[in-house]
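Trainee: I'd like to go through the empty spaces and the chain contacts of this one. Can we take it step by step?

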Protein chains: 6
Amino acid sequence: MSSLRSDGRKADQLRPITFEANIAPHATGSVLVSFGATRVICAATIEANVPTWMKQQRVPGGWLTAEYSMLPYSTLDRKQRDISRGKIDGRTVEIQRLIGRSLRAVIDLKKLGQNTLWLDCDVLQADGGTRTASITGAYLAARLAVQKLVDAGRLAENPLADSVAAVSVGVFGGQELLDLNYVEDKDAEVDANIVMTGQGRFVEVQSSGEEATFSTEQLTGLIALAQQGLKQLASLQTAFLTKQLLKF
Amino acid sequence: MSSLRSDGRKADQLRPITFEANIAPHATGSVLVSFGATRVICAATIEANVPTWMKQQRVPGGWLTAEYSMLPYSTLDRKQRDISRGKIDGRTVEIQRLIGRSLRAVIDLKKLGQNTLWLDCDVLQADGGTRTASITGAYLAARLAVQKLVDAGRLAENPLADSVAAVSVGVFGGQELLDLNYVEDKDAEVDANIVMTGQGRFVEVQSSGEEATFSTEQLTGLIALAQQGLKQLASLQTAFLTKQLLKF
Amino acid sequence: MSSLRSDGRKADQLRPITFEANIAPHATGSVLVSFGATRVICAATIEANVPTWMKQQRVPGGWLTAEYSMLPYSTLDRKQRDISRGKIDGRTVEIQRLIGRSLRAVIDLKKLGQNTLWLDCDVLQADGGTRTASITGAYLAARLAVQKLVDAGRLAENPLADSVAAVSVGVFGGQELLDLNYVEDKDAEVDANIVMTGQGRFVEVQSSGEEATFSTEQLTGLIALAQQGLKQLASLQTAFLTKQLLKF
Amino acid sequence: MSSLRSDGRKADQLRPITFEANIAPHATGSVLVSFGATRVICAATIEANVPTWMKQQRVPGGWLTAEYSMLPYSTLDRKQRDISRGKIDGRTVEIQRLIGRSLRAVIDLKKLGQNTLWLDCDVLQADGGTRTASITGAYLAARLAVQKLVDAGRLAENPLADSVAAVSVGVFGGQELLDLNYVEDKDAEVDANIVMTGQGRFVEVQSSGEEATFSTEQLTGLIALAQQGLKQLASLQTAFLTKQLLKF
Amino acid sequence: MSSLRSDGRKADQLRPITFEANIAPHATGSVLVSFGATRVICAATIEANVPTWMKQQRVPGGWLTAEYSMLPYSTLDRKQRDISRGKIDGRTVEIQRLIGRSLRAVIDLKKLGQNTLWLDCDVLQADGGTRTASITGAYLAARLAVQKLVDAGRLAENPLADSVAAVSVGVFGGQELLDLNYVEDKDAEVDANIVMTGQGRFVEVQSSGEEATFSTEQLTGLIALAQQGLKQLASLQTAFLTKQLLKF
Amino acid sequence: MSSLRSDGRKADQLRPITFEANIAPHATGSVLVSFGATRVICAATIEANVPTWMKQQRVPGGWLTAEYSMLPYSTLDRKQRDISRGKIDGRTVEIQRLIGRSLRAVIDLKKLGQNTLWLDCDVLQADGGTRTASITGAYLAARLAVQKLVDAGRLAENPLADSVAAVSVGVFGGQELLDLNYVEDKDAEVDANIVMTGQGRFVEVQSSGEEATFSTEQLTGLIALAQQGLKQLASLQTAFLTKQLLKF
């Protein structure tokens, strides 16, 4: 019943997923993640400091925060830099808050010491799903950074309790699709982003109908489709980390 | 099995919901909405103009956009104004985008003419659920505004195809609760906001675990709980509008 | 000699004045003040802190400051928010400085302890005289807030030495008028705002001819007219407070 | 009854007033004005354009606007530039609005053509009364600029219907004083700025008691004192212009 | 006489220089340039528009402009994004103006049509000489972009009249060095950046002594040293382009 | 061989140079410097404080920083203020950084104590060479300020080790010219600014070809021409200071 998609994939098929370690060697950990043509530089940097509000409220442990940006040449029409426009747009704010929440769900901040873990995600090429690629890659960058800190004796143990990954699903032309590319995403009737841990628990479920609505059945179907893709992503993350961490 | 909540409600019980029309008479339509102690001024104003990007891309019809703010005295500790801080915080950006998307899902923008419908939601008193009260009230303000425009001959027909309302649900102390107040919301393990039309179709499902995760069963339970509350809200909206529109 | 005004008032007649207590229950004290169709939310909030410059210069006692804004739906054409425009306009700056000076003239800051009393005035509906309504209402909000703090033992005594109110006067069509509404204010040849204490002493006299000038006689006449209106406002304030403070 | 002031002046005596033409030769007209040690560069520049709102509303004629700033080295402690602080402070906003209103009261904007007359007042040295010196000097700069434009045939006639000047008066140590210097101004109980035309009509009367109040008698006394000083300033302006305009 | 440098180079030796084409495929042309550990993404993007000032002044032809930024993880201590600081720092402004001027010196803007060529340089890893690597790489990105436009028929001919490259030289520990790395640059007594065309003509000579000075002889020596390095860079650029352009 | 310039000067001739002390008496030291029609107010102000980064890094001694601005009436077309545009333009940033570096090259910051020396340069009239006039005048203002501090016992000794001055040179119509005025500067093929100490050592050499290039011979010629002019400027500075410092 399901016809092939414009890029030849089946409805429930991920794009080719690749991870390249150490793209930014000055970061504590870094990964270049690709979901098909979508490519994002994910870098984790440790800073020996915590935000002012934590100090004032004497919250113990550390903090984790994320920043996201699209490089000007990541889109087919050049995208103006945030600093030239004078402000971050609403979409960027939403995405960087989502990345931060997703990673904080799997880290034990108390085990991070008086440190802040910065996760920077800069999109080198955008073809849909930049936020889900960012979360998936940010976890890997964080994991590599944490290992370096543990190996250097700056952390007593790994504060990451689980892995985390994200994928988009949506309804496009009446069909439920996994991992939408830009062409599909732009005209989808329903667009959802699902964040899940390696152990299969949800961190975030966001499903929106821009100028459209959806039924309980559609929601259930999309979530199941996402769960299946997220299992694959978790396996790919594990395989990559196994290889990388042996190298250390 | 479920103990009473701090304000005496049952787990699946809404707070007292009230709507007061015409709180801001210079607006085209306005409502003061209360979800318990949470009170929001919702005002719909028509502007005979559309955004620049619509003109440039020659998109036909009108536009609908929302702005949200918390008045400085809406919280127990005075909240600094956006203009004093110099920028809108991330939470506000997320909320006003959500209100806009929710209302755009039920309006036929082509029937709005070359107009922009502004939905302003200003929180007079905050006790949890300000975004869901805002969406619920913004629909009413929009409906009253539209009626005035239809009656005045400025619109040929009502462009609103359906009603829309929102409610929060969450897991607090292991229990699934409807319509969380501030005390519950602040310490909830899982926090979800569900937006649904009067005909029972979803507009938006957002479920987050801040520093926590949740299972498929919990997600299903929360959504069912929200649906039940949203049916009540839709009835209350209908009753209010019936009374108001007869008055015109 | 004087013809009736557009709203049927005599030249020396105030609009209907009303005060509604507790409009914003999370504030320490609050009042919704109406001068005819002009309606302003006035809220007084206490903050256990003083500005940095007071700490640095070791000034004893507390501080009082005011913020003023027009809600977007307070005017017939929607008014853009300060944060959307990116700055406070000059008129708003003038008004909030005037409100602050007016209230500081009647408070003994040394008796306020190491606290800041914030006075927020948000215009719900604008029909001329929003700054004079704001001052008149801000005093009431401050008085209610102070009483709550005295009753709670957070202040040893009432730091307000006197009451304060304000009214506009102007020359319109050659006639001297009290308490101008928007239509009168917009085209007035001379526009004055007078702030006076309950004991009849001036706090501020501001009289301007925008693209016009005025004589000594006109100035004297306007001031006398304002004084008569301000006596009535002081009586109305006293009556309201007597009733409210008995209720506590 | 009146003791001498700290600088040896009598209570009703102006400081030495001087005007130096052409301080900024690239301006259309310019004057360096001194009220004692207070020195302000006043420059009038014509721009062949009007503000957008005038074009949109098709208001005929031209516009006049003023900007005021204190140079960083004008005060004994260096004053940070507006651009370094990131915003104009409230006092500056008030002053530049006052200068603009004062000059607009004596100009017939319809006779200005489709031009904007900019009046820039930059304080080179501040010793009290910078706003009154600015208004007094800005009129002279405007008059010189207008003459140059008339002589060059760019204006058909002089659009200035009258001259305008300003002076401060105040109550200091219980005594009513004319033209306060910084030491007097800083600790004055009442501080007033009066703007008057050459023909003796008021343009603006502003009298404030910062943390103090004043009686009707004091107000009357201050205004009379200011009127006497303003007559002298008008004579000095006339003498200066007579000499300058003959030179053209 | 010259001892080896910390990284083993001779005083007049460049670091290993590499160019990798097509690092950002959505750009019209792009190169990842490395000067040793310094790595910069250089992307050239064409926009079918020119700046407003060119339209207003009816300047014929196109425009070329550059933007430069350091990615947050490019430095050993994380560098805050411009948008988080709220402004571009002075060093960044200087660098992006230098890149723009350098490229404009070798392009015939009249041959660019009504287009803007954007040159974005984002530093992935910083180890000294980021501005010289940016200029050297930006030329290559521009050349590849221009070729694509010529091949696609969007440009009639190549508007680049010559190539351009840049290198740093400096006095460090009394010795004149070519192509300083971060450790050398940070403590150099004199620091110079020289921009030269492929035909050996200067575009820009900037030599500064921060808290130091230099003699005519030192200036002459540094310039000669730079010229020698710039000849090598020009050869490397030619070799790279020959290979790339054959591939098209 | 060289024809006369538009203002009658020879190719290697400076414009008339004048210095007027004490233009801004509230500054610690101040000079009005003229290079022909270019006039700049240079003021040096001492502040008993150092920047935060110096305190944090415990750098001993003081700091010197410069700010530059063009007054709105300094140009033939009125120049908008930085604060009205909302940001400092790139050219201003470059110039104030250059002034700061130039002065820091001749001062021993350790001898400045825990103080910041602010150098403010405000252009009263612009006719080319405003940055070189600023540097030349800023040195004089700094020297006068330092003398006042030494005389008052606030500094133990003069921290200025040498004098510093600057001049522009350029290629205009194929001819190498000294001290370009606006007409020459605007259309120069090559434009250089050279900063040199009184002892003849370079502080900064900046030579740019905007949309043009230059040869080694031209660079050598321009530098020699500048050196000759800078010797004259150093003599004029010495003569001025000798006269001023005797007056103290």
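Mentor: Sure, and one term before we start: a salt bridge here is a side-chain nitrogen of Lys or Arg within 4 Å of a carboxyl oxygen of Asp or Glu. Also keep in mind that this is a predicted model.

Trainee: Then how far apart are the closest N and O atoms in the salt bridge of Arg101(B) with Glu94(A)?

Mentor: The cut-off is 4 Å, and the pair Arg101(B) and Glu94(A) passes as a salt bridge. It's one contribution to a count of four salt bridges between chain B and chain A. For Arg101(B) and Glu94(A), the closest N and O atoms are 3.7 Å apart.

Trainee: What area is buried between chain B and chain A?

Mentor: Start with the contact list: 31 residues of chain B touch 31 residues of chain A. In chain B, Glu94(B), Phe202(B) and Thr213(B) lose the most area to chain A, together 20% of what that side buries. Carbon and sulfur atoms give 48% of the area buried between the two chains, and the total is about 2,700 Å².

Trainee: Over to chain C and chain D: which residue of chain D forms a salt bridge with Glu94(C)?

Mentor: The contact takes 31 residues from chain C and 31 residues from chain D, and the buried area is about 2,700 Å², with 48% of it on carbon and sulfur atoms. Four salt bridges turn up across the interface of chain C and chain D. In the bridge you're asking about, the closest N and O atoms are 2.8 Å apart, and the partner of Glu94(C) is Arg97(D).

Trainee: Now the empty space. Which element gives the largest share of the lining of the largest cavity?

Mentor: That cavity holds about 340 Å³ of space, and of its 26 lining residues the closest to the centre are Arg81(B), Ile83(B), Ser69(C), Arg81(C) and Asp82(C). Elements that each supply at least two lining residues are strand E4 and helix H2 of chain B, together with strand E4, helix H2 and helix H3 of chain C. The largest share is four residues, and it comes from E4(C).

Trainee: How many charged residues are in the lining of the largest cavity?

Mentor: Split the lining by class. You get ten nonpolar and seven polar residues. That leaves the charged class, with nine.

Trainee: And what is the volume of the second largest cavity?

Mentor: Its lining draws on chain A and chain E, including Ile23(A), Leu124(A), Ile23(E) and Arg39(E). By class there are eight nonpolar, no polar and one charged residues. The volume is about 40 Å³.

Trainee: What about open space: what is the volume of the second largest pocket?

Mentor: Of the 21 residues lining that pocket, Glu211(A), Arg104(B), Ile107(B), Asp108(B) and Leu109(B) lie nearest its centre. The classes come out as eleven nonpolar, four polar and six charged. Its volume is about 310 Å³.

Trainee: Last one: how far apart are the end C-alpha atoms of residues 163-228 of chain A?

Mentor: An unreviewed UniProt entry lists residues 13-141 and 163-228 of chain A for "domain: Exoribonuclease phosphorolytic". Residues 13-141 are 28% helix and 31% strand, with end C-alpha atoms 25 Å apart. Residues 163-228 are 27% helix and 42% strand, and there the end C-alpha atoms lie apart by 16 Å.

Notes
Residues are numbered from 1 along each chain as its sequence is written. Chains are lettered from A and ligands numbered from 1 in the order in which they are written. This is a predicted model: local features need pLDDT of at least 70, side-chain atom pairs count only at pLDDT 80 or more; totals for chains, interfaces and linings use all residues. Side-chain values use heavy atoms; hydrogens and water are left out. On a 1 Å grid over the protein atoms alone, a cavity is a set of points where a 1.4 Å probe fits but cannot get out, and a pocket is an open set with protein on both sides within 12 Å along at least five of seven lines; lining residues have an atom within 4 Å of a point. Grid points are joined across faces, edges and corners, and a volume is the space filled by probe spheres set on the points. Ala, Val, Leu, Ile, Met, Phe, Trp, Tyr, Cys and Pro count as nonpolar, Asp, Glu, Lys and Arg as charged, and the others, Gly among them, as polar. UniProt positions are given in the numbering used here, feature names are shortened, and annotations may be inferred rather than shown by experiment. Contact means heavy atoms within 4.5 Å. Buried area is the accessible area (1.4 Å probe) that two parts lose on being put together, summed over both.
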